[in-house]
Amino acid sequence: MSGFSALSLKGLQKVGDILIPGTPGMPKFSDVKLLKDLHRMTDYMNADDREGFKILMMLFAITPSFAIHALLWLVSKHESFPDFIGALFRQINLGVKGVVYTLYYSDLDDHSIFQSLNYKTGIYSPVTQDTEMDTLLKNSNPLTAGISQEPKEVFASARLAQKEIAKLTIDERLQIVENLRHVILRRQEEIIAVVQKETQKARVDILTSEFFPLFENLDFIAHEAKSGLKPEKVSTPIAMMGKASKIWFEPMGTILVISPWNYPLYQAITPITLAFVTGNATVYKPSELTPLTGLVESLLKDAGFKPQWAQVVYGDGKIGSALIDQRPQKIFFTGSVATGKKIMAQASQYLIPVELELGGKDPMIVFEDVNMDRAVKGAVWGAFTNSGQSCTSVERLYVQESIYETFKKRIVEEAKTIKLGVDTDGDADMGAMISDKQVQIIADLVQDAVKNGAKMLTGQSWDFKSKFIPAIILEGTTHEMRINKEEIFGPVLPIMKFKDEADAIDLANDSDFGLSASIWSKDKARCERVASQIVTGNISINNVMVSEGNHSLPFGGVKDSGIGRYKGVHGLRGFTNMKSVMIDADSSKIEANWYPYTPTKNGLFGGLIQSLFGGGIGKWIGLVRYGLPLETHAKKAKR
Ligand code: NAD
């Protein structure tokens with residue numbers, strides 16, 4: 001079959017069973033025996049990779065399972081190895097897992113296993129058999145199913161529900177999140193249809209910037225949440241010898257999530273699952289422009305969430321504000337700077353902690369030694385993906401003056417090839433804008449720049465009204481113009497020159513925003529040197545918008561781009577109450593620093609401080625000279 005020998009197929013099944021050993025209700029890899037899609041998948045590989053893959057599988061066939069386990073563990077740590085070995089390990093890690101998981105799930109789909117699957121954990125109902133989107137939406141839509149949208153009632157039931165969630169073990173929560181992964185995979189096409197109807201995006205944009213990061217988040221949760229939330233042991237100062245110190249990561253309570261309209265599916269599922277796995281209930285308010293009415297509830301229900309565990313409340317900013325008045329334990333807000341400030345002001349009345357993921361004005365710096373073809377294509381995608389409606393899209397392009405003219409010519413040619421459309425087959429690059437209001441903002445900013453002397457190198461055909469905005473490249477803009485100060489959030493890219501490193505750094509930092517940036521050069525040392533001087537929360541070197549794609553990295557901004565971090569273990573813990581715990585024995589000992597204070601203690605403590613914190617080996621001498629007498633004195637201390 002597909003040029004695979006019996007031995008290589010045996011190896012594939014062996015490694016498949018190690019990666020997917022099966023759980024109750026889920027078959028193991030080798031039980032899904034039809035490897036008929038193998039040739040389809042491996043046909044996409046180049047000939048060398050395909051042959052390499054077959055040889056690797058043959059080696060797996062004759063290698064003991066424990067050694068394969070060890071190898072898979074080793075290659076999953078590819079980041080810890082030097083460049084060459086790290087790249088090889090990454091290829092093995094991604095290649096083997098990619099083939100195994102894709103084959104498994106594509107076969108499962110063919111067999112409709114998911115349709116009859118009952119993810120039994122004993123804590124939630126079986127998956128619904130209903131595949132009709134309309135019926136599901138109707139059944140799960142709170143607007144039609146009679147579930148309250150009244151903020152007070154929503155929060156009252158969320159608070160009760162949170163107690164239930166907190167009682168689930170981390171494994172039970174992870175299982176439900178895992179179910180959600182399968183539900184979304186199974187219903188991918190239905191979901192794309194709903195998202196595309198509301199957002200008018202190009203289909204590939206939905207796949208790459210809604211589904212991909214969403215699954216990366218779910219994978220992060222599956223692999224890293226448990227260890228990230230495990231109580232952490234920390235060191236105990238020598239003066240507190242004999243005690244143990246730990247951090248517990250406990251649920252906060254109810255998290256209010258308020259989202260914008262640019263990635264409505266991703267921005268719903270990601271914070272809801274992070275809040276859930278950390279033991280919180282969620283009240284989620286989508287943007288009034290892209291509510292996806294009923295869809296999120298339907299997916300969660302399908303995965304085994306109870307309706308009150310994560311509730312969706314529909315409406316505009318007034319509803320958002322009314323929800324804040326219910327005093328959630330945390331607000332996770334993604335949106336504009338103006339709204340972020342209002343939310344923070346309101347939250348301050350109740351001292352509710354806020355996490356603000358706000359806008360960006362991301363610079364891209366291109367040095368003269370760069371691979372120009374890659375940098376041109378990177379700039380075009382980074383500026384125009386999702387029609388520029390991304391907080392981390394490239395909004396200011398700085399090119400070193402020696403290559404500026406050539407770069408400009410190439411980027412103009414490239415931008416002109418972008419195909420507009422709302423497609424169903426992947427044949428469009430850029431869809432329409434989501435919001436009429438945003439179209440108006442873009443028209444104002446571009447017209448203001450042109451009025452002040454900038455020139456449109458592309459996109460002159462736009463009538464400044466249509467939601468289908470072609471890629472616009474602007475030349476001759478300055479930092480005094482609004483276009484380089486305010487967020488554009490649309491397919492517009494000002495291109496400017498810089499002289500040297502210092503000039504590039506000054507230009508990049510000349511902004512109220514600090515969300516993300518990218519540096520492009522063959523010289524990695526220069527990239528890192530420049531990157532370290534850019535005031536920003538995230539940075540990509542020789543790539544664009546990738547740092548946010550890795551869900552093991554924390555994400556968030558500085559300056560006007562926001563407060564707080566989500567994603568990665570740091571972000572996950574942002575949904576917890578970090579409780580500091582010190583444990584001592586129930587002994588008969590009296591602490592030396594407790595009452596009564598005495599002149600002897602006074603002398604001993606004075607000496608102890610001098611020796612403990614004075615540095616060097618005096619610390620140990622001081623402990624013997626002052627610490628031990630203090631202990632003894634404390635036990636029998638009488639005035
Ligand atoms: P927005 O600020 O207008 O609205 C965001 C959400 O806030 C909506 O759900 C809205 O109904 C709600 N809201 C409005 N007023 C409110 C109030 N007073 N109280 C409570 N809720 C209120 O933003 P938008 O136009 O929907 O989205 C675009 C913005 O989002 C851009 O600035 C973009 O940069 C930013 N964004 C940031 C990130 C990030 O991760 N940093 C990601 C995506 C989008």
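This report covers the overall fold, one pocket and the cavities of a predicted model.

## Overall fold

The protein chain holds 24 helices and 18 strands. Of its 639 residues, 51% are buried. Long-range contacts are common: among contacts between residues at least 6 apart in sequence, 72% join residues at least 24 apart. The chain exposes about 29,700 Å². Carbon and sulfur atoms supply 57% of that area.

## Second largest pocket

This pocket has about 1,100 Å³ of space. Its lining counts 38 residues. Trp261, Gly335, Ser336, Thr339 and Lys437 lie nearest the centre. Elements giving two or more residues to the lining are α15 (317-324), β6 (330-334), α16 (337-350) and α19 (436-451). α16 gives the most, with 6 residues. By class, the lining has 15 nonpolar, 15 polar and 8 charged residues.

## Cavities

There are 2 cavities of 30 Å³ or more. The largest has about 50 Å³ of space. It is lined by 16 residues, with Pro363, Phe513, Gly514, Ser516 and Val535 nearest its centre. β8 (362-366), α20 (501-509), β13 (513-514) and β14 (516-520) each give two or more residues to this lining. The lining divides into 7 nonpolar, 5 polar and 4 charged residues.

The second largest cavity has about 40 Å³ of space. Its lining includes Asp362, Pro363, Thr392, Ser516 and Met545. β8 and β14 each supply at least two lining residues, and β14 has the largest share, with 3. Here the classes are 5 nonpolar, 5 polar and 1 charged. Pro363 and Ser516 line this cavity and also lie among the residues nearest the centre of the largest cavity.

Key. Residues numbered from 1 in each chain as written. Predicted model: local features only at pLDDT ≥ 70, side-chain atom pairs only at ≥ 80, totals over all residues. Heavy atoms only, no water. Helix = DSSP H or I, 4+ residues; strand = E, 2+ residues; numbered from the N terminus. Buried < 20%, exposed > 50% of the residue type's maximum accessible area, 1.4 Å probe, protein only. Contact = heavy atoms within 4.5 Å. Areas by Shrake-Rupley, 256 points an atom, 1.4 Å probe, with all protein chains shown as cover. 1 Å grid on protein atoms, 1.4 Å probe; cavity = no way out; pocket = protein on both sides within 12 Å on 5 of 7 lines; lining within 4 Å. Points joined across faces, edges and corners; volume = space filled by probe spheres on them. Nonpolar A, V, L, I, M, F, W, Y, C, P; charged D, E, K, R; others polar.
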